[in-house]
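Work through the following exercises with the sequence and the coordinates side by side, and try each task before reading its solution.

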Amino acid sequence: MIFASDNWSGAHPAINAAIAAESGGMAAAYGASTLDRAVEQRFNEIFEREVAVFFVGTGTAANSLAFAAVNRPGGVVLCHREAHVIEDECGAPEFFTHGARMAPIDGDGGRIDPVNLQRELSRFKPDFVHAGQPMAVSISQPGEAGTLYTAEEIQVIAGIAHGRDLALHMDGARFANGLIASGLSPAEMTWKRGVDILSFGATKNGCWCAEAVVFFEPGRARQFPYIRKRGAQLFSKTRFVAAQFMAYFNDGLWLEMAAHANAMADRLRAGIDASLHARQAWETHTNESFAILEKPTAERLRAEGAVFYDWNPPHALHTLIGENETLVRLVTSWSTEEAEIERFSRLLA
């Protein structure tokens, strides 16, 4: 009953087989191999347009270097108050942009409220040098609260960002899970709604180490090869990352794994709803669930072998939890088994 994180899951056998298949022979290094080029074309097909793709090793690197690509002197990235880039990346975005700041924006369910975004942007006057200058807006899809933006909500935020000549960045660490839950196509969830740069994550969804920065206007990426190299993210044997992506996309494996993870989370949520000792903190539809448990129940579950994290309540919901309760996050993955869910639900009941 391991629900700590999808980062705890292993790599899918097809991913491992693809890496093993590349273990012999020679191939051009630093992204120049035939396989690298084939995967870049695969990204074009998936997003229904020509994109510029750059492999990196972690989601933190993808986000941080994406911001570095749009950096401005005194730069500010506007993001949700609970976004991963401001809460969980140890200052890496600030470090790799050489000092850009993250400006927190409030909004329900981990989503930026457009009114709050407009209000915050109005604080940055073009002729007031002391405040610095906005350089990007960043949204997470899904967000840290396991919730999703609708296509229309993405488009509204994109319109606000573009109205100030700012890039819209999407942190897609669980991009496939969001795609399945939203019912949108990759194009509809990104560039067709105004997203300029995507941090495309695959590691959480069955890969070993496969993340990418995707520019939907290749012209925006002219300096990115240097930014990636300077950021120590240009791997020499990139064909091993490319091999993961090729297997990931082959026959829709990436969507199959994400659909399984989401379905297991649906079963988990049903178990929470059926319990008298727990309740869902808020509604989610991806592979992340948030539950409020009675403290003795949480202790009993852990004693029986369940693994999950206590979670800080969102700033706006600090009164949601009672004195004898705790908020926890439960994450399912491509490898979660039904038996785990069934046992957890029985114990919860």
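**Exercise 1: the partners of a strand**

Determine which strands pair with S11, in which sense, and over how many bridges.

Solution. This is a predicted model, and a convenient place to begin is strand S10 (residues 309-310), which pairs with S11 in the antiparallel sense over two bridges. Within this pairing, Asp310 has Val328 of S11 as its bridge partner. The next step is strand S9 (residues 288-294), which is also antiparallel to S11 and is joined to S11 by seven bridges; here Glu294 stands opposite Glu325 in S11. Finally, consider the covering of S11 itself, which spans residues 325-331: taking buried as under 20% relative accessible area, six of its seven residues are buried, and the strand is thus described as mostly covered.

**Exercise 2: the seven-stranded sheet**

Establish the strand order of the open sheet, name its edge strands, and place the helices H2 and H3 against it.

Solution. The order is S1-S7-S6-S5-S4-S2-S3, with mixed pairing. The edges are formed by strand S1 (52-56) and strand S3 (101-105), each of which pairs on one side only, and the twist from one strand to the next averages 25 degrees. At the S1 edge, five bridges join S1 to strand S7 (residues 211-215) in an antiparallel arrangement, with Val56 opposite Glu211 in S7. Helix H2 (residues 34-47) lies across S1, S6 and S7, and runs at about 120 degrees to S1. Helix H3 (residues 59-69) packs on the sheet, touching S1, S2, S3, S4, S5, S6 and S7, and its direction makes about 25 degrees with that of S7.

Notes: Residues numbered from 1 in each chain as written. Predicted model: local features only at pLDDT ≥ 70, side-chain atom pairs only at ≥ 80, totals over all residues. Heavy atoms only, no water. Buried < 20%, exposed > 50% of the residue type's maximum accessible area, 1.4 Å probe, protein only. Helix = DSSP H or I, 4+ residues; strand = E, 2+ residues; numbered from the N terminus. Pairing = 2+ DSSP bridges. Axes fitted to C-alpha atoms, helices over the stretch in contact; angles between N-to-C directions. Contact = heavy atoms within 4.5 Å.
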